[in-house]
Amino acid sequence: MMSKLPQIFTGSRISIICEGDEEYEYLEKLISLDVWSKEYCFQLENAEGNGNIPARYQDKYQNSSSDLVLIFCDTDKKSYEQYVDIKRKINEFHGVENAADQIVIYGNPCTMQIIIEHWDDVVLGSHKKNKNAPIIFDLTGIEGYKGRADQRQALFSRFTKENYQEMRERIKKLPSDDTIEGSTNFGRFIEYFTMDDSKWIQTINNTLDG
């Protein structure tokens, strides 16, 4: 009897360095919904804080077998300063102006700006969880959201392929200027992730190489 050989993945490997638990678990849930092209194998890494992202990115970019390395983070830390610092360090690492604009996925003022679009058109005016908790409760029934593990689990369990598609349409309406509250560029990456043709990856890498 012939033994079955493991199937060899021949697509593109995309590493995404996530700021923290919320970003990591959000993408993990979307991947589990199988809403993106099978051309891509996603590998997630939790940086456990914005301050750790530049070093993690440089290491992953230089030493991994990934075809592309991306970053997923908020813009809220220290009134936008830490986010800007991440972008500056990425640009300096590559020696290319605006290199970070090619590989950083963001939500302004926070990742919840993307997450909440699964249920309604909402523009958040703050990254503070106590201000956003009533909005989250109204849309999901999760009371007093503070980002605890059990609350994140309850939140992400409410995701479906249907409300993913609704989010995908809603974020097209949001601005993509990362200095504006209620903005995100996640829609651009969603379009990439649904493409069976991965030429966009080489286009980004060519930009990073100058």
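**Exercise 1. In which strand does C73 lie?**

Background: residues are numbered from 1 along each chain as its sequence is written, and side-chain values use heavy atoms, with hydrogens and water left out. The model is predicted, so local features need pLDDT of at least 70 and side-chain atom pairs count only at pLDDT 80 or more, while totals for chains, interfaces and linings use all residues.

Solution.
Step 1. C73 belongs to strand β3. Strands are DSSP runs of E with at least two residues, helices are runs of H or I with at least four residues, and both are numbered from the N terminus.
Step 2. C73 is buried, with a relative accessible area of 0%. Buried means under 20% relative accessible area, exposed means over 50%, and partly exposed is in between (1.4 Å probe, protein chains only).
Step 3. Residues up to four places away in sequence are not counted here; among the others that C73 touches are E19, N50, I53 and Y83. Contact means heavy atoms within 4.5 Å.

**Exercise 2. Find out how many disulfides the structure holds, and explain the result for C18.**

Solution.
Step 1. A disulfide is a pair of cysteine sulfur atoms within 2.5 Å. The structure holds zero of them.
Step 2. For C18, the closest cysteine sulfur is in C73, 9.9 Å away, which is too far for a bond.
Step 3. The C-alpha atoms give another distance: those of C73 and C18 are separated by 6.2 Å, and the two residues are 55 residues apart along the chain.
Step 4. C110 is in no disulfide either; the nearest cysteine sulfur, that of C73, is 12 Å away.
Step 5. C18 counts as buried at 0% relative accessibility, and C110 counts as buried at 6%.

**Exercise 3. Write down the strand order of the open sheet and name its edge strands.**

Solution.
Step 1. The five strands have the order β2-β1-β3-β4-β5, with mixed pairing. Two strands pair if DSSP finds at least two bridges between them.
Step 2. Strands of a sheet pair through backbone hydrogen bonds, either parallel or antiparallel.
Step 3. The edge strands, each pairing on one side only, are β2 (40-46) and β5 (183-184).
Step 4. Strand β1 (residues 12-18) and β2 run parallel and are joined by seven bridges. S15 stands opposite Q43 in β2.
Step 5. Helix α2 (residues 53-63) packs on the sheet and touches β1, β2 and β3 (68-74). The direction of helix α2 makes about 170° with that of β3. For such angles, axes are lines fitted to C-alpha atoms, for helices over the stretch in contact, and angles run from 0 to 180 degrees between N-to-C directions.

**Exercise 4. Name the residues that touch the most other members of the largest nonpolar core, and describe the aromatic pair of Y26 and F186.**

Solution.
Step 1. A nonpolar core is a set of buried Ala, Val, Leu, Ile, Met, Phe, Trp, Tyr and Cys residues joined through side-chain atoms within 4.5 Å. The largest one has 58 residues, and Y26, W36, I103, F186 and F193 touch the most other members. Strand β3 gives the most to this core, with six residues.
Step 2. The structure holds 20 aromatic pairs. Rings of Phe, Tyr and Trp (its six-membered ring) pair if their centres lie within 6.5 Å; planes under 30 degrees apart count as stacked, over 60 as edge-to-face and the rest as tilted.
Step 3. Y26 and F186 form a tilted pair, 6.2 Å centre to centre with 50° between the planes. Y26 lies in helix α1 (residues 21-32) and F186 in helix α9 (residues 186-193), so the pair ties together parts that are 160 residues apart in sequence.
Step 4. Y26 is buried, with a relative accessible area of 0%, and F186 is buried, also with 0%.
Step 5. W36 and F42 form a tilted pair too, at 5.1 Å centre to centre and 55° between the planes. Both residues belong to one aromatic cluster with Y40, F189, Y192, F193 and W200.

**Exercise 5. Locate the cis peptide bond and describe the phi values of E48 and N98.**

Solution.
Step 1. Most residues other than glycine have a negative phi, and most peptide bonds are trans.
Step 2. The cis bond joins N108 and P109, with omega about 10°. P109 lies in the loop between β4 (104-108) and α5 (112-115).
Step 3. E48 has a positive phi near 60°. E48 lies in the loop between β2 and α2 and is exposed, with a relative accessible area of 62%.
Step 4. N98 has a positive phi of about 65°. N98 is found in the loop between α3 (81-94) and α4 (100-103) and counts as partly exposed at 40% relative accessibility.
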